[in-house]
Amino acid sequence: MLKQIVKPLLTWYDGHARVLPWRENNHPYRVWVSEIMLQQTRVEAVKPFFERFLAALPDVQALARCPEDELLKLWEGLGYYNRVRNMQKAARVIVEEYEGRFPEDYEKLLALPGIGHYTAGAIASIAFDIRMPAVDGNVLRVLSRVKASFDDILKQSVKTAMEREVQEIIPAGRAGDFNQALIEIGAMVCVPNGKAKCGECPLAFCCRAKAKGIVDELPKKKAKKARRIEKRTVLVLREGNRVAIRKRPAKGLLAGLYELPNLDGCLREEEVLTQIRQWGLAPLRILPLAGAKHIFSHVEWQMTGYAVSLEETDDMEQSGLFFIDAEETEKKYPIPAAFAFYAGYMDIVLGQERYEERQRDV
Ligand code: ADE
């Protein structure tokens, strides 16, 4: 039944595709960077990151040799930092094994670090017009509705079945447009949360969910496990113009990024001061800060904070903390968005908010 969506979908796309920076040309590097960024981030949020990333690292060679801190800084605010670490690993493979050119082959793309079925399909189809599907959450929503399917779209078996069905109808010569058209319909027309614009939809004529009046009941997703809650105490430790940061461990959550020093649990002033003295530092004053919350995919941090001024002493670096000028921190050190609220007390602005500020200024 899906074959009938192909023509109306492509005609609609020809007239309605958004002008987006990554659609200026179909170079595989651009397609790859944009698709990875778009996996967990909204289109509007991705735009400035994409432009800046491409300006700083215009090709796989530049990405392959970029120092890690610089790379993470370019990603700061986008979250899910393993995405960009894997991109660098893949870039190195492309440079070493493929002479710096993306393989024009779905299976070889799929074998690269960080490239799953969706991304391999997006690159293969958009950059090389290979007839492979790129089924993301948008596409699953559209197709669940067209088919009036109550299958759980979070199940891998359901995704795989959907990919097979899509693959059969991808038109030769327009594989990339077809995949993007499905994504675009999902993003612009067949949207979630009771806002679907069925009156504008080129697929309304064959949409079974519309015919049955059940558009808003689909797609079906089994409830996910609740997030674990962690309490943390974040410290803005200041000595003169310098503020303490430290590097996170190379493995685990936010691996290798920099952070404001922080402690397990929701601590009282005296407990914080005891810890600071154990680090060999000399606190002068302590001030409680407002609470803040940050939501990761599997964990939620509920944070309290303290600003602590320190006396200058000889061996402050022995604490394992780096004392850095706020301005230098803002320029050089990648600090995840989880700390954005407390970084505000250091007079620095991080990642996403930096763009929002800039956009307000112009
Ligand atoms: N979301 C994921 N991929 C996309 C693309 N190529 N264009 C617009 N939105 C997207």
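**Ligand surroundings and helix packing**

In the predicted model, a nitrogen atom of the ligand lies 3.1 Å from an N or O atom in the side chain of Tyr118. Two further side chains take part in contacts of this kind. In Arg23, an N or O atom of the side chain is 2.9 Å from a nitrogen atom of the ligand, and for Gln180 the separation between a polar side-chain atom and a ligand nitrogen atom is 3.0 Å. The surroundings of the ligand comprise Arg18, Leu20, Trp22, Arg23, Glu35, Leu38, Val43, Tyr118, Gln180 and Ile183.

Gln180 and Ile183, both listed around the ligand, also appear in the packing of helix H11. Helix H11 spans residues 175-188, and its axis and that of helix H9 (residues 137-147) come within 8 Å, crossing at roughly 80°. H9 and H11 are therefore roughly perpendicular to each other, given that angles of 65 to 115 degrees fall in this class. On the H9 side the contact involves Asn138, Val139, Arg141, Val142 and Leu143, which meet Leu182, Ile183, Ile185, Gly186 and Ala187 of H11. By class, the residues of this contact comprise 7 nonpolar, 2 polar and 1 charged.

Helix H11 also packs against helix H1 (residues 6-16), with an angle of about 80° and axes 9 Å apart. The arrangement of H1 and H11 is therefore roughly perpendicular. From H1, the residues Val6, Leu9, Leu10, Trp12, Tyr13 and His16 contribute to the contact, and from H11 the contributors are Asp177, Phe178, Gln180, Ala181, Leu182, Glu184 and Ile185. The contact of H1 with H11 contains 9 nonpolar, 2 polar and 2 charged residues. Gln180 is thus placed in the contact with H1 and has a polar side-chain atom 3.0 Å from a ligand nitrogen atom, while Ile183 is one of the H11 residues that meet H9 and is also among the residues around the ligand.

A further helix pair is formed by H5 (residues 68-75) and H6 (residues 82-97), whose axes are 10 Å apart at an angle of about 130°. H5 and H6 are therefore oblique to each other, and their crossing is right-handed. Glu68, Leu71, Leu72 and Trp75 of H5 meet Arg83, Val84, Arg85, Met87 and Gln88 of H6. The residues of this contact divide into 5 nonpolar, 1 polar and 3 charged.

Two backbone features are located in loops. Ala148 has a positive phi of about 50°, although this residue is not a glycine, and is placed in the loop between H9 and helix H10 (156-169). The peptide bond that joins Leu218 and Pro219 is cis, with omega about 0°. Pro219 belongs to the loop between helix H12 (208-212) and strand S1 (228-239).

Conventions: Residues are numbered from 1 along each chain as its sequence is written. This is a predicted model: local features need pLDDT of at least 70, side-chain atom pairs count only at pLDDT 80 or more; totals for chains, interfaces and linings use all residues. Side-chain values use heavy atoms; hydrogens and water are left out. Axes are lines fitted to C-alpha atoms, for helices over the stretch in contact, and angles run from 0 to 180 degrees between N-to-C directions. Helices (H or I, at least four residues) and strands (E, at least two) are DSSP runs, numbered from the N terminus. Angles under 35 degrees count as roughly parallel, over 145 as roughly antiparallel, 65 to 115 as roughly perpendicular and the rest as oblique. A crossing is left-handed if the near helix is turned anticlockwise from the far one by less than a right angle, and right-handed if clockwise. Contact means heavy atoms within 4.5 Å. Ala, Val, Leu, Ile, Met, Phe, Trp, Tyr, Cys and Pro count as nonpolar, Asp, Glu, Lys and Arg as charged, and the others, Gly among them, as polar. A residue is near a molecule or strand if one of its heavy atoms lies within 4 Å of it. A polar contact is a pair of N or O atoms within 3.5 Å; within protein, one must be able to donate a hydrogen and the other to accept it, and residues adjacent in sequence count only if both atoms are side-chain atoms.
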